[in-house]
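Here are some exercises to work through with the model open beside you. Try each task before reading its solution.

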Amino acid sequence: MVFVKKIETEEGLIGIWEITGEADNLISKFCFSDNEKREFEKISFERRKKEFIAVRLILEKLLNKKTEIFYDISGRPLLKDSDLNLSISHSKDLVVVFLSKQKIGIDVENVERKIENIARRFLNQSEMDFVQTCADRQKAMILMWCAKEAIFKCSEKQGIHFNREIEVFPFSLDNEKFFGAKKSQTEKKVSFRLQHFEYKNNVVVFCVEDVEKS
């Protein structure tokens with residue numbers, strides 16, 4: 001289980017850790033704070049243990065120092081004593097972390113995950129039509145799912161209806177790494193700039209929030 005990639009973007013830093021091996025191999029490399037030790041001891045699943053440590057080791061790699069994570073009332077992760085925003089995601093293969101001074105979100109998913117049976121829960125009709133026009137419908141659907149998950153993580157509001165309140169605009173899967181989306185709420189509309197890339201058999205989508213001017 002190793003740190004595999006650091007990506008510097010205009011928006012911030014992304015770190016990727018590939019999940020392999022046993023949690024015990026990571027534990028020996030990690031210096032727990034008292035709080036981290038208490039949180040870690042509550043975890044019973046091996047996979048979750050690896051994710052817990054991998055996230056914190058990625059942060060050490062990106063920041064060149066140890067830092068701690070705490071959570072706000074909505075469950076969003078925050079960095080202790082830092083003005084950087086933090087977003088975290090994991091698939092069965094990877095753990096990814098995104099750091100930025102802007103409002104951000106990130107999501108990673110194995111490209112082969114089957115989500116067609118829940119498509120109506122997160123896609124509106126125009127998005128469904130867009131997916132049907134794509135040569136690689138599976139990849140298109142995974143990208144749309146990741147985009148909406150990233151936007152959800154960027155939002156403070158809970159209970160967002162993916163198929164009604166978030167809309168991803170059409171784009172070319174192969175030729176465009178940048179695309180857009182908007183989130184509609186009663187009090188305001190928010191637009192998002194998104195990017196995507198692939199690592200091995202995974203799709204990663206990350207977003208930055210822009211508040212639309214009225």
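**Exercise 1. A strand and its neighbours**

Find out how enclosed strand β2 is, and which strands pair with it.

Step 1. Five of the six residues of strand β2 (residues 13-18) are buried, so the rest of the structure largely encloses this strand. Buried means under 20% relative accessible area, exposed over 50%, and partly exposed in between, with a 1.4 Å probe and protein chains only. Helices (H or I, at least four residues) and strands (E, at least two) are DSSP runs, numbered from the N terminus.

Before going on, a note on the source: this is a predicted model, in which local features need pLDDT of at least 70 and side-chain atom pairs count only at pLDDT 80 or more, while totals for chains, interfaces and linings use all residues. Residues are numbered from 1 along each chain as its sequence is written, and side-chain values use heavy atoms, with hydrogens and water left out.

Step 2. Look at strand β1 (residues 2-8): six bridges join β1 to β2, and the two run antiparallel. Two strands pair if DSSP finds at least two bridges between them. Glu 8 has Leu 13 in β2 as its bridge partner, and four residues lie between β1 and β2 in the hairpin they form.

Step 3. Now turn to strand β6 (residues 94-100), which is joined to β2 by six bridges and runs antiparallel to it. Here Gly 15 stands opposite Val 97 in β6.

**Exercise 2. Around helices α2 and α3**

Trace the contacts of Arg 56, then those of the phenylalanine rings.

Step 1. Arg 56 makes a salt bridge with Glu 36, with 4.0 Å between the closest N and O atoms. The pair links distant parts of the chain: Arg 56 belongs to helix α3 (residues 46-63) and Glu 36 to helix α2 (residues 34-41), 20 residues apart. A salt bridge is a side-chain nitrogen of Lys or Arg within 4 Å of a carboxyl oxygen of Asp or Glu. Both Arg 56 and Glu 36 are buried.

Step 2. The charged end of Arg 56 also sits over the ring of Phe 52, 3.6 Å from its centre. For this, NZ of Lys or CZ of Arg must be within 6 Å of the ring centre and within 35 degrees of the ring normal. The charged end of Lys 37 sits over the ring of Phe 32, 4.9 Å from its centre.

Step 3. One aromatic cluster is formed by Phe 30, Phe 32, Phe 40 and Phe 52. Rings of Phe, Tyr and Trp (its six-membered ring) pair if their centres lie within 6.5 Å; planes under 30 degrees apart count as stacked, over 60 as edge-to-face and the rest as tilted.

Step 4. The structure holds eleven aromatic pairs. In one of them, the rings of Phe 40 and Phe 52 have centres 5.6 Å apart and planes at 55 degrees, so this pair is tilted. Phe 40 is buried at 7% relative accessibility, and Phe 52 is buried at 5%.

**Exercise 3. Helix α6 and its cysteine**

How many residues of α6 are buried, and why does Cys 146 form no disulfide?

Step 1. Helix α6 (residues 137-154) has 18 residues and reaches 26 Å from its first C-alpha to its last, close to the 26 Å expected at 1.5 Å a residue. The expected span is 1.5 Å times one less than the number of residues. Of these 18 residues, 14 are buried, leaving α6 mostly covered.

Step 2. Asp 107 forms a salt bridge with Lys 153, their closest N and O atoms being 3.1 Å apart. Asp 107 lies in strand β7 (residues 104-110) and Lys 153 in helix α6, 46 residues apart. Asp 107 is buried, with a relative accessible area of 6%, whereas Lys 153 is partly exposed at 23%.

Step 3. The structure holds zero disulfides; a disulfide is a pair of cysteine sulfur atoms within 2.5 Å. The sulfur of Cys 146 is 11 Å from the closest cysteine sulfur, in Cys 207, so it is too far for a bond. For Cys 207, the closest cysteine sulfur is that of Cys 154, at 4.4 Å, again too far for a bond.
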